[in-house]
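Take a look at the structure below. We start with a helix, then turn to the place where two chains meet.

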Amino acid sequence: MNAFVNHFSFEFRTGIRNKQLQLLNYLFPLGFYLMMGFIMPEINTLFLESMIPAMVVFATLAATLLGLPDPLVNAREAGIFRNYKINGIPSSSILTIPALTTILHLVIVTVIITATAPLLFDARLPVNWPNYGLTFMAMAFACAGLGVLIGVISPSSRTAVLWSQLIFVPSMLLGGLMLPHSMLPDVAGKVSQLLPATQAMNAFNGLAMGKVADFDPVGSVIALFVSGVLAFVVAIYLFNWDSRNTTRHGHPLLALLVLLPYVIGLLFG
Amino acid sequence: MTAPVIEVRDFRKTYGDLVAVDGISLDVRQGEIFGLLGPNGAGKTSTLESLEGLRSPDGGALRVAGIDPAREPRKLRNVIGVQLQSAGLPESITPDEAMKLFCAYHDVAPRFDLLERLGLNEKRNAQFFELSSGLQRRLALALAVAHNPQVLFLDEPTAGLDVASRVELHNLMRELQANGTTIILATHDMAEAEEMSDRVAILLGGKIVTIGTPMEITATGAGLTKVSVHTQGGSLINPELHFPAVSQQSVKDDYAIFFSTDIGPTVSAIIAHIEVQEDTLIDLRVERPSLEDRFLEVTTTGGAQ
């Protein structure tokens, strides 16, 4: 327990102390939130109805997909995991503690956005707070798992950035953050359901914001949780202590399993 | 003789077609400082990493304090301490945090005294990337010994250290040795290996080409012992002189210099010559081949005796 608390405490401070993580955890999402708050209502007044969940989803994508993979890849390349292994630090701690501390940073950012958006921009507040919290946790868990998994399967920082952007960019365009899901063309709407951002926005709208969901919002929350669990399990299974180690537990394509809950939702939802 | 703490039997490690270690065997006794030497690619790192539980052997058997490193990694972690060549710490961690973190995972109280002793007290709250390479190595050493391991692996421990830090580290090594810690020292610094090691093994091409005390290893080579003699009358400065076992001779700064293959007869003959010539001896120095000389001899001849 003492080891976990020490490790968690160090990782949490790193999220603030490290300039890159500080940028991705706080400066980028909060700066983007302020910018969107000033610009978007002029273009689309309906934006204010979903501004809070949209900005929370954006913050989550930035902190997890952009913030989590690179430090994991760099630590493996720098021999930090080898040192951890020798000193008995388990792979489960190496993978889950940065994810948990990132979620804690996201809680702080979410509280800031939720508390200030109505005051600064007259944004609509959630109407169901427990569901708001539940959806946030499901989304943060799913995205943190995805970020960790990208870090584990990527052989280099460059590849990690590529994988992260492959999810981040479509999430921004199709995830329902800027445009409602219902306004997307049919095919794009279906494809977007493979993204955690779409599922999260759907669950926020249907369960927390008092709006009509585009598809089953409870199913979205379940899909996010299951995808998160799969991501962490596969990440721990595929984890490699050392880039010089030629033996791997399994094939990196196993990572595609995290899409399974979304595919099932798409096919049977 | 104390029981071996490290036992290596017919250890073999391969990477595809490359044979990194080819069936080596050695024992290291408790409280011994054992130098593992060899040029790059000799098999040192594969041997060390297998003993540390980072790699699995492809053949043979390894034991560290009675533990099989590949099969019992959980037991091994509290028995060994490792200072890796690269410090292997996150850039943003401070020495204080690193000490707390590593000691927590070893379930021991943090050893902040080690940070003080190794000159890290003023930088306890500096981030790792802000430390000089010397301080980074000192921190790695402090973390490696904080849980009082039975066996300590040091990989190039003094690389990048200044003279004072190097002396402090050697003192710490001797102190640990006196307390019964077994130390495996992998280094390219031959002077350090010769000074600190009780025994050394030189690896080449995955095999042990020589093993023994530094004295034994330097004595078995074909290296010549240098005898430098300064006399008042300069009776030895004469290229026509011939002494037993001397293969080369020269003159430098009023010293007659002889290179001998058998030091006893050479020195006796030189002393006798000085007496016969009624000359007066001012200075006589004997320099046996160093471990570095022997290392170069072994590695350049491919280990052929």
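The expected span of a helix is 1.5 Å times one less than its number of residues. This model is predicted, and helix α3 of chain A puts that rule to use. The helix covers residues 51-66, which is 16 residues, so it should span 22 Å. Its end C-alpha atoms lie 21 Å apart, in agreement with that figure.

Where does α3(A) sit, enclosed or not? Buried here means under 20% relative accessible area. By that cut-off 16 of the 16 residues of α3(A) are buried, so the rest of the structure largely encloses this helix.

Now the interface. The size of an interface is often given as the accessible area lost when the parts come together. Between chain A and chain B the buried area is about 2400 Å². Carbon and sulfur atoms give 56% of that area. On the side of chain A, A:R17, A:I86 and A:N87 supply 27% of the area that chain A buries against chain B, more than any other three residues. The contact draws 25 residues from chain A and 27 residues from chain B.

A:R17 returns in the polar picture. A:R17 forms a salt bridge with B:E97, and the closest N and O atoms are 2.6 Å apart. Three salt bridges are found across the interface of chain A and chain B. Nine residue pairs are in polar contact between chain A and chain B, both residues at pLDDT 80 or more.

Which elements of chain A give two or more residues to the side that touches chain B? They are α1 (2-17), α5 (80-86) and α6 (91-121). α1(A) gives the most, with eight residues. By type, the residues on this side of chain A divide into nine nonpolar, 10 polar and six charged.

Key: Residues are numbered from 1 along each chain as its sequence is written. Chains are lettered from A and ligands numbered from 1 in the order in which they are written. This is a predicted model: local features need pLDDT of at least 70, side-chain atom pairs count only at pLDDT 80 or more; totals for chains, interfaces and linings use all residues. Side-chain values use heavy atoms; hydrogens and water are left out. Contact means heavy atoms within 4.5 Å. Buried area is the accessible area (1.4 Å probe) that two parts lose on being put together, summed over both. A salt bridge is a side-chain nitrogen of Lys or Arg within 4 Å of a carboxyl oxygen of Asp or Glu. A polar contact is a pair of N or O atoms within 3.5 Å; within protein, one must be able to donate a hydrogen and the other to accept it, and residues adjacent in sequence count only if both atoms are side-chain atoms. Helices (H or I, at least four residues) and strands (E, at least two) are DSSP runs, numbered from the N terminus. Ala, Val, Leu, Ile, Met, Phe, Trp, Tyr, Cys and Pro count as nonpolar, Asp, Glu, Lys and Arg as charged, and the others, Gly among them, as polar. Buried means under 20% relative accessible area, exposed over 50%, partly exposed in between (1.4 Å probe, protein chains only).
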